[in-house]
Amino acid sequence: MRSEVVHETAYDFLIVGSGAGALVAAVTAKTAGLRPLVVEKTDLVGGSTALSGGILWLPDNPLMAREHIADSREASLTYLANFTRDDDLIATPARREAFVDAIPDMIAAMEAQGMKYRRCPGYCDYYDDLPGGHVDGRSIQAELFDLNELGPWRDRFRRSPTGMPLRTSGARQLLLMKRTAPGALMALRLGARLALQKFTGRQVVGSGGSLQGRMLQIALRLGVEIWTGTALTDLEFQNGRAIGATLSRDGTSVHVPASRGVLIAAGGFARNLAMREKYQPSPASNDWTKANPGDTGEAIEMMERAGAALGM
């Protein structure tokens, strides 16, 4: 592999991965006046988020307030406390508070760039009977999206093999299409959407596809640079801070300085059998997953070697 040091294209912020967290970070950095670079190991953008239901659990969010659905900071933190400990390495009390407190600003910032969210009616908290739980639900999702709007990036976007022009919250009704009137209506709507796509050439997606498709469209419109087929191979530190990384791109080893830091948003290790056998109950198999093919855990191992603590 050839070695190349990239001086003329130094970036302010390097983001590894292209799922939901990565693209929100890229848009945030760009609108703050920074020059971010997103690198994705596979040839397709979207991560496992694009294959998922695309549901965002965001307590006490502005969409709830617009529909006059009551929630509070206190109830949200009470609910999170059911599943975390104060000595938790990952979800410390300060991080839980930061998560809840940042939700209004995050939604406002993304909506200002054209993101279209919708509340998930009837999508209750998974444990709504526990203290702080919410029976009406705190989840939101993205509006349906036509992938043709991505232009040449449409074919570089990761699509679910079972993707349909259907929001995840609508799937609940669809499952009852033979039993309830709303279910039958949802089936008719889906059929109409599929027929319309066939005759118009539209490629409408819902769930994680619409969430990531819309985020990618925003990032591209803002001029965020995205490199696909680019893997993280090493991190560079100075005085305890990450200031850049070495990447493998098109058979070349490329060094990218990142003066404001490196964000690892590269998912988990669902496709790494050795890590599943080490960290998860037996039996384990890397075939038991719907995660994207790049979900192989090297970034976690790299951060551990750099001194990061592992949790969960």
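In this predicted model, His68 counts as exposed, at 74% relative accessibility. His68 sits in the loop between helix 2 and helix 3, and its phi is near 60 degrees, a positive value in a residue other than glycine. Asp60 makes a good companion case: here too phi is positive, about 50 degrees, although the residue is not a glycine. Asp60 belongs to the loop between strand 4 (56–57) and helix 2. With a relative accessible area of 30%, Asp60 is partly exposed, because that label covers the range between 20% and 50%.

Another backbone detail turns up at Pro283. The peptide bond that leads from Ser282 to Pro283 is cis, and its omega is near 0 degrees. Pro283 itself is part of the loop between helix 8 (273–279) and helix 9 (298–305).

Helix 4 deserves a longer look. Its 20 residues, 93–112, should span 28 Å at 1.5 Å a residue, and the C-alpha atoms at its ends are 30 Å apart, which agrees. Even so, helix 4 has a bend of about 40 degrees at Ile103, and a proline, Pro104, follows within four residues. After the helix comes Gly114, with a positive phi near 105 degrees.

Part of helix 4 is tucked away from the surface: Arg96, Val100, Ile103, Ile107 and Met110 are buried. The cover over these buried residues includes helix 1 (20–31), helix 2 (62–66), helix 3 (73–81) and helix 7 (207–222), along with strand 5 (117–119) and strand 6 (139–142). Taking Ile107 on its own, and setting aside residues up to four places away in sequence, the residues it touches are Leu58, Asn61, Pro62, Leu63, Tyr117 and Ile140.

What does helix 4 pack on? To answer that, it helps to meet a sheet first. Three strands form an open sheet in the order 4-6-5, with antiparallel pairing. Strand 4 and strand 5 are the edge strands, each pairing on one side only. Strand 4 is joined to strand 6 by two bridges in the antiparallel sense, and Leu56 has Ile140 as its bridge partner in strand 6. Helix 4 packs on this sheet, touching strand 4, strand 5 and strand 6, and its direction makes about 130 degrees with that of strand 5.

Now for the nonpolar interior. The largest nonpolar core has 35 residues, and those with the most contacts inside it are Ile15, Ile107, Met115, Tyr117, Leu150, Leu216 and Ile226. Strand 2 (13–16), helix 1, helix 4, strand 6 and helix 7 are the elements that give two or more residues to this core. Helix 1 gives the most, with seven residues. Apart from this core lies another, of 16 residues, among them Tyr11, Ala242, Val254 and Ala258.

Ala258 is a handy way into that other core. Its place is in the loop between strand 12 (252–257) and strand 13, and it is buried, with a relative accessible area of 0%. Leaving out neighbours within four places in sequence, Ala258 is in contact with Tyr11, Asp12, Phe13, Leu14, Ala242, Ile243 and Gly244. Asn239 is 19 residues from Ala258 in sequence, and the two are 14 Å apart in space, C-alpha to C-alpha.

A second sheet completes the picture. Four strands make up this open sheet, in the order 9-3-2-13, and the pairing is parallel. Strand 9 (225–227) and strand 13 (262–264) stand at the edges with a single partner strand each, so one side of each has no neighbour in the sheet. From one strand to the next, the twist averages 20 degrees.

Inside this sheet, strand 2 and strand 3 (residues 36–39) run parallel and are joined by four bridges. Phe13 stands opposite Pro36 in strand 3, while Ile15 stands opposite Val38 of that strand. In a regular strand, side chains alternate between the two faces of the sheet. Is strand 3 buried on one side or the other, or on both? Both faces are covered: Pro36 and Val38 on one side, and Leu37 and Val39 on the other, are all buried.

Notes: Residues numbered from 1 in each chain as written. Predicted model: local features only at pLDDT ≥ 70, side-chain atom pairs only at ≥ 80, totals over all residues. Heavy atoms only, no water. Expected span 1.5 Å × (residues − 1). Bend = angle between axes of the 7 residues up to and from the residue. Buried < 20%, exposed > 50% of the residue type's maximum accessible area, 1.4 Å probe, protein only. Contact = heavy atoms within 4.5 Å. Core = buried A, V, L, I, M, F, W, Y, C linked by side-chain atoms within 4.5 Å. Pairing = 2+ DSSP bridges. Axes fitted to C-alpha atoms, helices over the stretch in contact; angles between N-to-C directions.
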